[in-house]
Amino acid sequence: MPEALLEVRALDAFYGDFQALFGVSLAVAPGEVVAVIGANGAGKSTLLKCIAGLIRSHPDAIVFDGEPIGDVPAHALVARGIALVPEGRRLFPSLSLEENLLIGGQLGRHGPWSLARVYELFPRLAERRHMPSTALSGGEQQMGAIGRALMSNPSLLLCDEISLGLAPIVVRDLYTRLPRIVAEGTSLIIVEQDIVQALEAANRVCCLQEGRVALAGQSASLSRESISAAYFGA
Amino acid sequence: MSPAFHVEHASRSSRIGTAALAVVLLVLVAAPAFTGRDDLRLMSEIFAYIALASLWNLLAGYAGLVSVGQQAYVGLGGYVLFAAAIVAGMQPLAAVLIAGLIAAAIAVPVAGLMFRLRGHYFAIGTWVMAEVFRLFASQISTLGGGSGISLPASIVISMAASRQMRELEMYWVALALLVIVLGAIVLLLRSRYGLALTAIRDNELAARSTGVDVWRIKLVIYIAVAFATAMLGALIFLQRLRISPETAFSVNDWTAYVIFITVIGGIGRIEGPIIGTLVFFLLRRTLADLGSLYLLMLGAVAIAVMLLAPKGIWGFVAGRYRWQLLPLERRLRFAADTRTK
Amino acid sequence: MDWVNVIIQGVLIGGLYAMFAAGLALIFGVMRLVNIAHGDLIVLAAYVSLVTTDALGLNPLTSIIIVAPVMAAIGYALQRLLLNRTLGDDLLPPLLVTFGLSVIIQNGLLELFTADSRRLNAGAIEVATFPLGEGIWIGAMPLLQFLAALAVIGSLQVLFYHTAFGRAFRATSDDPSVAQLMGLDNRHVFASAMALSLAVIAVAGVLLAIRANFDPALGPARLIFGFEAVIIGGLGSMWGTLAGGIILGVSQAIGARIDPGWQVLAGHLAFLLILAVRPQGLFPKVQG
């Protein structure tokens, strides 16, 4: 049993006085793809933000590579190998696409991903490299956002709702690239509204409901009914 | 048919506060009977600063218009008064009102220009405006140009029967102006416009989306504050009997001190400027000998307050004990509600 | 012919104003902060140069080598320790804190150096002139200042648009939250921006001190000139800021030619005119 790359242990998360996560636990092994699903407001994005360091947590609540990182700020976690593809893409409007990619890699972490390799993964981006990021289509922006995160050569990539607002065919195309990313040595946590896509792409699934883990297990072995029940609450 | 609810403004502490203020007011009105001329002048100065700070507080703390150029209207008021008295032969105390009206008229195009700037740039823009006023004033040779002018003795004497009467008149006018300014502010804040202002202060975008005409309210407030500030300026320089561009449009006297008073006392609360002014004058009494060191310390204190206690002295105290000096809360009371607190 | 001279003088001093403006615009661009103490920091740089030249016997122009890093370090510390704590949605804290800072710097300088007017002596270069044909002469010093302004603004432009450093500034300015996800520490980026701004201020301050008399109270006027140049030029690019500075300088020069007392006022009026008819400035950023 490989040692977990990431362990989330009974994580509580707060926005001011409002509690968004209650004792959430999760583990990701190296080379795994874990999908986190749940209705709007279930706490999926919050979970990713905690792991990425945008929200502060108790130090021991999140352990990465054996080190407690719950209270480590986001900019320091990138250096350790955690990258987040934020919800809504959020490419930098003042930067061109290529500049967005370059800034993703500005820490200079070693690894398989470089500008050339990202363009190999997403050929469409190469054609548009000098365009302002705001001029790209939704799908291209999403590719750009993923590429930008890859440029930091993360060992753990967090993807927050990459299918949001995109046509199904574009989403399917995106998801065909994910195995390449895993093959190069990056583990994935994907937050998804599209349950079918999530189940197809992931080894394991975790379903959140109102800030709590309602269901977790191998994606292949979970039944439709149990997922429905966990998603919507019995 | 009576409404099912009404809005209550007073609380227990504000009832006590208002009563206390009424007593203080009576004492102040009667003050000339037991205080000397110097102290009366000092008190007039304190009244002026409380009023100026309250007006700045209204502008910046409630309407979100942070101006570092209110000295424009203080100076404008002073110069209009001198012009009206010297050139037009008007009774000086009557000219105080004229100063206010002219300032209000000028404030309209000024606002038209200034409102094109936002936030910090608005602040500096108001400063530029004050500089423009100052430079124009120093070009007017009939009013002394760059070195300024004194109020001719004939006009001074014509103000009242004796020097003592004159000093009394100006003291009471200063007190009256303060009461009017504070009273107007309280009434404004209690009204629907006050509610709109609080909404604007908290979240301008949200306020606009509930139908509050933000731009127009800000314009009205700006003009009203200019009007009152100019009257105060007119009175201040009338008391000094002398005006010059440098003193009339001094950033230190009319903006730096006012801002420090309001910040230290507490922005966005009506009691703040009162507390702040008293603290300021206390400090001045004890530290004024230090000259520029005094200003330096004032700056440091303002920074410290802004970072550590951004609500100022009153904000800190009132926040803890939920005090209010004046009846400005809003509580809904339903007809069937028989609770008293 | 006289008017040509006037215009040229205006253009040359416009470069100096553009430098005042560049530092201001840089900060506003990166972190939406307007530093009311900006002008006072320019004056502070002049005094730092004074102390340096007195102590080491340097030519003021050479002292820039020391003054610039010193001011940059001051800027970094200032932002990191004080101003970072004021950033946020509320407009009042940074404005009031920088205003307090302005008062502190002015009065601190007053205490240390008194209100006496000072001037830095750059030697023979101050009186050298170049003929430009047809009876027009350009002073070497003003020309040097203008070229320095071009160099500074050009460098800033290159820095912002062609280096990783500049990318970091632009990204943090766009989206401070996502910038963190790139490994950028906002506190450090903001402090670096302030350090850069003060380095520019250092150059501007030394050149100002050579050109004219200075005393502790000069700050606010420099802030206003810088601010007017920014608004006239528009918040788009550094070159727009240069244009704004030049237009301000020329307006002032024309005003001075009509009547010496009108110099500053003419600049204010030009600023108000632009504000009235084209508030976004002459070269605003084209929104994508």
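These are my notebook entries on the contact between chain B and chain C, and on a surface patch of chain C, in a predicted model.

**Entry 1, extent of the contact.** I began with the residues that take part, and found that the contact draws 39 residues from chain B and 41 residues from chain C. I then looked up the area, and noted that the two chains bury about 3,700 Å² between them, with 84% of it on carbon and sulfur atoms. On the chain B side, B:H120, B:Y121 and B:W127 lose the most area to chain C, and together they make up 20% of what that side buries.

**Entry 2, polar links.** I looked next for charged pairs across the interface, and the count of salt bridges between chain B and chain C is zero. For polar contacts, the rule finds one residue pair across this interface, both residues being at pLDDT 80 or more.

**Entry 3, the chain B side.** I listed the elements of chain B that give two or more residues to the side touching chain C, and they are α4 (92-114), α5 (119-137), α12 (251-265) and α14 (292-308). Of these, α5(B) gives the most, with 13 residues. Sorting that side of chain B by class, I wrote down 30 nonpolar, seven polar and two charged residues.

**Entry 4, a patch on chain C.** Turning to the surface of chain C, I noted a nonpolar patch of about 420 Å², made by C:L56, C:I65, C:I66, C:V70 and C:I74. Helix α3 of chain C (residues 60-82) supplies the largest share of this patch, four residues, and C:I66 lies in that helix.

How values were computed:
Residues numbered from 1 in each chain as written. Chains lettered and ligands numbered in written order. Predicted model: local features only at pLDDT ≥ 70, side-chain atom pairs only at ≥ 80, totals over all residues. Heavy atoms only, no water. Contact = heavy atoms within 4.5 Å. Buried area = accessible area lost by both parts, 1.4 Å probe. Salt bridge = Lys/Arg side-chain N within 4 Å of Asp/Glu carboxyl O. Polar contact = N/O pair within 3.5 Å; in protein donor to acceptor, adjacent residues only side chain to side chain. Nonpolar A, V, L, I, M, F, W, Y, C, P; charged D, E, K, R; others polar. Patch = residues over 30% accessible without salt bridge, like charges linked within 9 Å, V, L, I, M, F, W, Y side chains within 5 Å. Areas by Shrake-Rupley, 256 points an atom, 1.4 Å probe, with all protein chains shown as cover.
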